[in-house]
Amino acid sequence: MEWSAPATTFVGRATDMAVLRQLVQNVAAGLGRAVWVEGEPGIGKSSFVAAALADAEASGCRLVWGDADELGLRSPLRVVLDCLGVSAHSPDERHAQVARLLYGGPASGMLGGADPVRAATERLLALVDEMCAAGPLVMVMDNVQWADEPSLVVWHRLSQSVEQLPLLLIAVSRRLPQRDAVAQLRQSVLSRGGVQIPLGPLPREEVFQMVAQTVGAPPGPRLRRLSAGAAGNPLYLVELLDALRDEGSVVVAEEAELAADVPDRVPQSLATVITARLGFLPQSLVEVLGAATLLGQEFTVTDLAAVLGAPVSALLTGLRQADAAAVVVASGAGLRFRHPLIRQVLYDGLPSALRTTLHRHVAQVLAESGAGVERVAEQLIAAAPAVDRWSLQWVASHAQALTDQAPQLAAELLRRVVEQNAGAGTEQYEAVVSALARALFRLGLHDEAENLVRGLLARSPDTEQAAEMRWLLSRMLFSAGRNDQARSMIAQALTAGTLPAKWRGRFQALSAMFMRADVGDLQGAEHAAREALRAAEATGDRFGAGYALCVLGLVDSVRRDHGKALESADRALALIDDDPECVDLRAWARESRVFAFQNLDRLADAEATLRQAHAEAARSGEPAKAILHIGSAVHDFWTGRWDDAVASLDSIPARGPESTYFGLRERGPMLLHHGVTALIAGHRDNRELARRHLDAAARLPVETVSDWENCDFLLAAQALEAEREGGPERALVLLSQILERRPGQMSLVHQWLPDLVRLALDLGEETLAREAGEACEDEARREAVPARASFASRRCRGLIQADPALMLETAEHYAAVGRPFERAQTLEDAAVLLARQGHGAEARTALVEATSVFTQVGAVWDARRADTRIRPYGVRRGVRGPRPRVSFGWPALSPTELRVARLVAEGKSNPEIAADLFLSRRTVQTHVSHILVKLGAHSRVEIATEALRHPEPTGSDAVA
């Protein structure tokens, strides 16, 4: 929501005020920062921030403010939505779209996709990007201690981008007690250079200055003593002075002094002072305000009137009186309590039994008025512990929507129904149990979900819901590595005569997937997938048919019939179209397309498919998951765009709550992530980075075929590290593990076998070299259309036969299809063979070409190794060799970084740049971070300035 400056003059805290005001001037100039303001309740944190920001809008900044409260603690994104003014009725279509995603979006897919919270999170981040592109933005999140966790995730993500946006983030929080999630956010902000402003008690002189401003004259001795007893807490002091004013206990002349009959004794607590202040209000108004506390820190008069069953007009006089007494203040279209402690005192004044009854009543009133499900659920949570008939009916009817929009809130409310066995044995109760299982699955609480599902299956084994729960449980068991139990669960389902036809097809598809991924039974997997496809087509089940086609594509890929795998992926995509239940299936089918195109050496088609995937993620609001970022990085590795690969990998949050959003629960993506990152770091001789990712990967168990087939980059990285450290024998042992194939394993080995042959021949291990060559030849023979494996086999044969001509021909193929790194490796090997055979000039030419590519991608280790291998034969690159790769300044920017920098100079936001370049917004953000480092810049303004200093070449300059 937009924020207005306070009307009164702020007293004290001049040094801290100057710091925050300077940060406002900095953000107005384009320099973002994150700030953490903290202190005890009532110390004046909100007032301090509001006073410091009083001139922010005059400085050209837009100022928005969100205020958390306890009632919204479990409602996802509540604070950020409030801060940005997002609602379904917003006149700004971008805001309304976020609300529709969160509150009116499709249900989650069978595989857990289409998460409305995740989609809304991504759109909110994009919205802030766009707002910052329009001008400097100051965002305040007040009372962070009560913020919901998705809002904390958004704030964390934003705090990581302040270095590249004109964005000033101000978090305002109590210091203690602190939830773990809040403590983690605080640590993250401060560890990244955030500014900490701890607010302590006001000094005595500032306390007396505040008294003078409040009562209209300097305080006399007795009033000074009484004021000093407030311990420098401004709220305590203001409430105390207001209470004295209401009592007529302060006499104002040249000085303000206590009346003679008033003791100068300070009440025991701030709560006592507030209670005394409220005592001056009519009891009927206190009761109205007590009812308002049930609605939260902020409320509308309309909602309050509905709760009380009174016309709005009947409440206006009393609420005006509360406003005059500074108990409530105007806030947007409603009212809010002036301070959370005032609301807390009023709320605590309600008898606990009455509070429970009133919360239940408020829930029904809100439901009947069409309020969002999360608001109704918040009231039912507060109405603990009873669950009556109406509550059960409402929960059962809205369980799916609540699970999609607020899984944590849903889990807590649904648990209560289940724990009380409210409505046990009824259809409504079974629906609640099923919904709770889905919510727990979404939250990653698989053990609890499993116990719940098993209990449901024991009671109602033959329902449609039971079939879905069995399917869900099978997936959970397989994800946990309990493969035998997963297969047993599937077998039980398929042998049951009561399994609905739709679910029979889905279980057959799941069985096919497990046959391939667990035991590598390709024939059994193909048979089961075809049975599943027939069953799904007979029932018109697009999800089941799409799943079966994806499994068939996997089987074809393992068999190296990449053309057939491509057909299966295309059929699946055409079938599932935009079905919200099939979000993850679409991603899976696109991964299969990319894999097929890469192995057919159709790299442009692979890249186009990756772009389509990023574009769809942007349209749907779903963040591109880790596997898409990793897939893009793998593609960029082989096409020689290593800076782009690093940007994709760096954009993946490997730790924290975001890692769940990005699909990093599974080991496979993490193994591949660490492997690709470590391999690039190794080639670039970044030993510290390579070692960090190798160590992280070593902590992950490798148990299934699926795990193993994601380890090839990791093995290559481990072997490269051993070779770099002077241990070629160990490197050979590590890389030779590539030859240990598991049944049904899909991962490619041919792409690593030429390196294995090279190492083996250099160490005199000719038998191993020939074994590796034969394995590569076998892979080539299995290709239905000769492509990538066939040319890897030619590399191996050229090495074993010492045939440089064959190597040079293979290098030409790599140049033609766009595989520069493999071309450089092949040229290096050809140069060594030519040098050994006495063809020094030809060897030098091949060496210079190889080293030129190594230098372009930053493979400094490979360039050094090539020189070392050929030096014994008297061949040198000489002074005409390629110049070293530049690390800093404008020339250091990669082609993609240059394009991003020029788009930044055009004033485009990260989402706009992402759309132009078919990347994820997060990857663009990472590119901008890398540009800032290379240029030594501190803001987008400085990037734009540098871009204007280096106009894009045109005409002959561009050709040159």
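Let's start inside the fold: glutamate 779 and arginine 560 are both buried. The two residues form a salt bridge, in which the closest N and O atoms are 3.3 Å apart. Glutamate 779 belongs to helix H39 (residues 766-782), while arginine 560 sits in the loop between H26 and H27, so that the pair links distant parts of the chain, 219 residues apart. Before we go on, please keep in mind that this is a predicted model.

The neighbour in sequence of that arginine is worth a look too. Arginine 559 forms a salt bridge with glutamate 526, and here the closest N and O atoms are 2.8 Å apart. Glutamate 526 lies in helix H25 (residues 522-539) and arginine 559 in the loop between helix H26 (542-558) and helix H27 (562-576), and this pair again links distant parts of the chain, 33 residues apart. Arginine 559 has 32% relative accessibility, which makes it partly exposed, whereas arginine 560 is buried.

For another pair of this kind, move towards the N terminus. Aspartate 303 forms a salt bridge with arginine 375, with 3.2 Å between the closest N and O atoms. Because aspartate 303 lies in helix H13 (residues 301-308) and arginine 375 in helix H17 (residues 373-382), the pair ties together parts that are 72 residues apart in sequence. How is each partner placed with respect to the surface, buried or partly exposed? Aspartate 303 is at 17% relative accessibility and counts as buried. Arginine 375, with a relative accessible area of 25%, is partly exposed.

The general idea behind such pairs is that side chains of opposite charge can pair when their charged atoms come close. In this model the count comes to 63 salt bridges. Some of them share partners, and in that way Asp762, Glu828, Asp829, Arg836, Asp862, Arg865 and Arg869 are joined into one network.

Now for the empty space. How many cavities of 30 Å³ or more does a search of the whole structure find? There are five, and the largest cavity holds about 190 Å³ of space. Its lining consists of 19 residues, and those nearest the centre are His683, Ala716, Trp752, Asp755 and Gln825. Two or more lining residues come from each of helix H30 (626-638), helix H33 (667-683), helix H36 (712-724), helix H38 (753-762) and helix H42 (820-836). By residue type, the lining of the largest cavity divides into 11 nonpolar, three polar and five charged residues.

Helix H36, one of those contributors, deserves a closer view. Its 13 residues reach 18 Å from the first C-alpha to the last, close to the 18 Å expected at 1.5 Å a residue. Of these 13 residues 12 are buried, so H36 is largely enclosed by the rest of the structure. The buried residues include Phe713, Leu714 and Leu715, and also the charged Asp712, Glu721, Glu723 and Arg724. Ala716, one of the residues nearest the centre of the largest cavity, is buried as well. After H36 comes glycine 726, whose phi is positive, near 85 degrees.

Helix H47 (residues 921-935) makes a good companion to H36. Its 15 residues should span 21 Å at 1.5 Å a residue, and the end C-alpha atoms are indeed 21 Å apart. H47 is mostly covered, with 14 of its 15 residues buried. Just after H47, glycine 936 takes a positive phi of about 65 degrees.

Two polar contacts between side chains come next. Aspartate 643, in helix H31 (residues 642-650), is buried at a relative accessible area of 11%. Its side chain makes a polar contact with the side chain of arginine 684, at 2.9 Å. Serine 249 is found in the loop between helix H10 (234-247) and strand S6 (250-252), and it too is buried, with a relative accessible area of 7%. The side chain of serine 249 makes a polar contact with that of glutamate 247, at 3.2 Å.

Let's finish at the surface. Glutamate 906 occupies the loop between helix H45 (895-905) and helix H46 (910-917). It has 56% relative accessibility and therefore counts as exposed, the cut-off being over 50%. Measuring from C-alpha to C-alpha, glutamate 906 is 46 Å from valine 376, and the two are 530 residues apart in sequence.

Key: Residues are numbered from 1 along each chain as its sequence is written. This is a predicted model: local features need pLDDT of at least 70, side-chain atom pairs count only at pLDDT 80 or more; totals for chains, interfaces and linings use all residues. Side-chain values use heavy atoms; hydrogens and water are left out. Helices (H or I, at least four residues) and strands (E, at least two) are DSSP runs, numbered from the N terminus. Buried means under 20% relative accessible area, exposed over 50%, partly exposed in between (1.4 Å probe, protein chains only). A salt bridge is a side-chain nitrogen of Lys or Arg within 4 Å of a carboxyl oxygen of Asp or Glu. On a 1 Å grid over the protein atoms alone, a cavity is a set of points where a 1.4 Å probe fits but cannot get out, and a pocket is an open set with protein on both sides within 12 Å along at least five of seven lines; lining residues have an atom within 4 Å of a point. Grid points are joined across faces, edges and corners, and a volume is the space filled by probe spheres set on the points. The expected span of a helix is 1.5 Å times one less than its number of residues. A polar contact is a pair of N or O atoms within 3.5 Å; within protein, one must be able to donate a hydrogen and the other to accept it, and residues adjacent in sequence count only if both atoms are side-chain atoms.
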